[in-house]
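Welcome! Here are some short exercises, each with a worked solution, to help you find your way around.

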Amino acid sequence: MSVAVTIEAIEKRFENFPALRGVSLDIQPGELVALLGPSGSGKTTLLRLIAGLEEADRGRVLFGETDTRDLSLRERRIGFVFQQYALFKTMNVADNIAFGLRSRPRDARPDAAEIRKRVKDLLELVQLPGLDKRYPSQLSGGQRQRVALARALAIEPRVLLLDEPFGALDAKVRKDLRAWLRELHGRTGHTTVFVTHDQEEALELADRVAILNDGRIEQVGSADDVYDHPATPFVCEFLGEVNKLPVKVVGSQAFFDNRPVLGGLTQNQGGAAALYVRPQHLRIVDETPLALPGTVEHLRRNGPLRRAEVAIDGLKKRLDVDLASQVAPAIGERVKLRITHGNLFAAA
Amino acid sequence: MSDATLPTAAAPARRETGRARRESRRVQFVLIAVSLAFLLFFLLLPLATVFVEAAARGWEAYRAAITEPDALAAVRLTLLVAAIAVPFNTIVGIAAAWAIAKFEFRGKNLLISLIDLPFSVSPVIAGLVFVLLFGAQGYFGSWLQAHGVKIVFALPGLILATVFVTFPFVARELIPHMQSLGSADEEAALTLGASPWRTFLTVTLPNVKWSLFYGILLCNARAMGEFGAVAVVSGKIRGETNTMPLHVEILYNEYMGPAAFAVASLLAGLALVTLVLKTLLEWHYGDAIAASRRH
């Protein structure tokens, strides 16, 4: 049922604004892929292109071996869940879900009893049994989202496309639905692409994440891949908090302020570079050959984490340090920081 | 020290808000009274006068006035003109609203201004334009005459003038509503495999049905009541090109006041029916209207 989606060198302009500038992406059958990026990065345009709601200026999208440029919207058979759900306000839940089946040409249309059964099954699948007579205005946000999903699944789509599926929901409902969607995908196995600007959502939910910026894909990979080995500074910054340290690379060591701070480098790119270090990869240590001396200037609590802001001599911006131990340093205390992991990018 | 001063500081403040509330109530009363008085003298009183005058000579005279052949012809003609002009304007109005709300194209703002044109042009001018175009001395006059087509001083002219004057009603009701709805519902229907026509019938039209109905109601009321433009192209041939408003004027000019008011009461009745329908619509379907306007 589910097919591979191949996106080949897509280019798309709106007026004078280039929305997509040569995007290619291979999606395996049954895979759950997130398109992640800031607003204006082209992620929604890419999703609408896969759906056939936009036309590419150049490049093409394949479903399996089929070039989708030859397919009508109906023939594409995609399930699209819109950001605001776009439920039909004048129809009840059952009619909304049955809409796609009833829209089929007469010879392919199931009979009324069959449609009723399918609606009932789908309502059970999305855990809303008994709500078939309600109107969309009588549903909560989370329920609407599930109805929209059931409506999209009703046509047995080859590809499921979700535009900011949790964007309009409050934080608690988001978390619940996320886990539920992951589980639903495991059960139904549709090739699924969803758009989000929330990196946490993308990393948690997707098999692979494609990070878009300015109309281009910066990196594609599993959550671990992109988080631990970001290909570009943009990916590194977009996926989570990060400290930037201007360093100079000599041999296998990185130097800050003529002091070695990180060793064992394998990338042999000598000269000026930027070292990106996440707060959890900075540790306060007693003594070590590779260490950054600094002063604790501020202490914060961020949910379960405690964080210190440490001023480093010769660096304007204070470094964020996640505190691993229960013993917090005092404000004003001199500490030494060791970098346990960092990503090095050539200085721009 | 500060404890002692607090209550005295708070008390005048409370008195202030009390006075403010009293004053706002007075303003409210004055505004309501002014509005009511205005409605009474300028809207309700004239309307009541029509019915009072129409009934002044008793039921028999009233019946005679509205069943007289010329009056019946006028009623028939008015209904015929409305029956053609209103559906026409409904269809074109939906098309124009659809184009403006769902598509981006060059000249869109010009189109929006054009839709409003009939409201800003005096109906008399609208009538004159058609005489100038299709009249005996008009641009197409000789050609039309040669082919035996009569537009001015005949039914086609009346319909043209009515269509012109009443065009904006449906489109203007629909455009803001359709714009606020966006295209997501239609896109959803299309991705679910519906044909464009089915999408229009089952999604677009139901979404805007109350605005549409309201627009048609207003369009119809104006189509039946239009005087200026129709007066110019009609030629006022009794029993042939006289619509109800024209008939009322002729009767009145011939000092047949009661008859004029009798026919006028039919027109006024139409206005009341429109008003009642609109109110009923809002009462019964207020929730549905609100729901379909949400999102």
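**Exercise 1: strands in chain A**

In strand β2(A), Val23(A) is the residue facing Ile10(A). This is a predicted model: local features need pLDDT of at least 70, side-chain atom pairs count only at pLDDT 80 or more, and totals for chains, interfaces and linings use all residues. Residues are numbered from 1 along each chain as its sequence is written, while chains are lettered from A and ligands numbered from 1 in the order in which they are written.

Task: work out how β1 and β2 of chain A pair, and which strands are at the edges of the sheet.

Solution:
- Start with β1(A), residues 5-14: this strand is antiparallel to β2(A), with 8 bridges between them. (Strands are DSSP runs of E, at least two residues, numbered from the N terminus; two strands pair if DSSP finds at least two bridges between them.)
- Next, place them in the open sheet of 4 strands, which has the order β2-β1-β4-β5 in chain A and antiparallel pairing.
- The edges are then β2 (17-27) and β5 (66-67) of chain A, each pairing on one side only.

**Exercise 2: chain B**

Task: find how many helices and strands chain B has, and what percentage of its residues is buried.

Solution:
- Count the elements: chain B has 14 helices and 0 strands. (Helices are DSSP runs of H or I, at least four residues.)
- Then turn to burial: 34% of the 295 residues in chain B are buried, meaning that 20 or more other C-beta atoms, placed from the backbone, lie within 10 Å of the residue's own.
- Finally, look at the extent: the C-alpha trace of chain B spans about 105 × 65 × 35 Å along its principal axes.

Key: A residue is buried if 20 or more other C-beta atoms lie within 10 Å of its own, exposed if 12 or fewer, and partly exposed in between; C-beta atoms are placed from the backbone.
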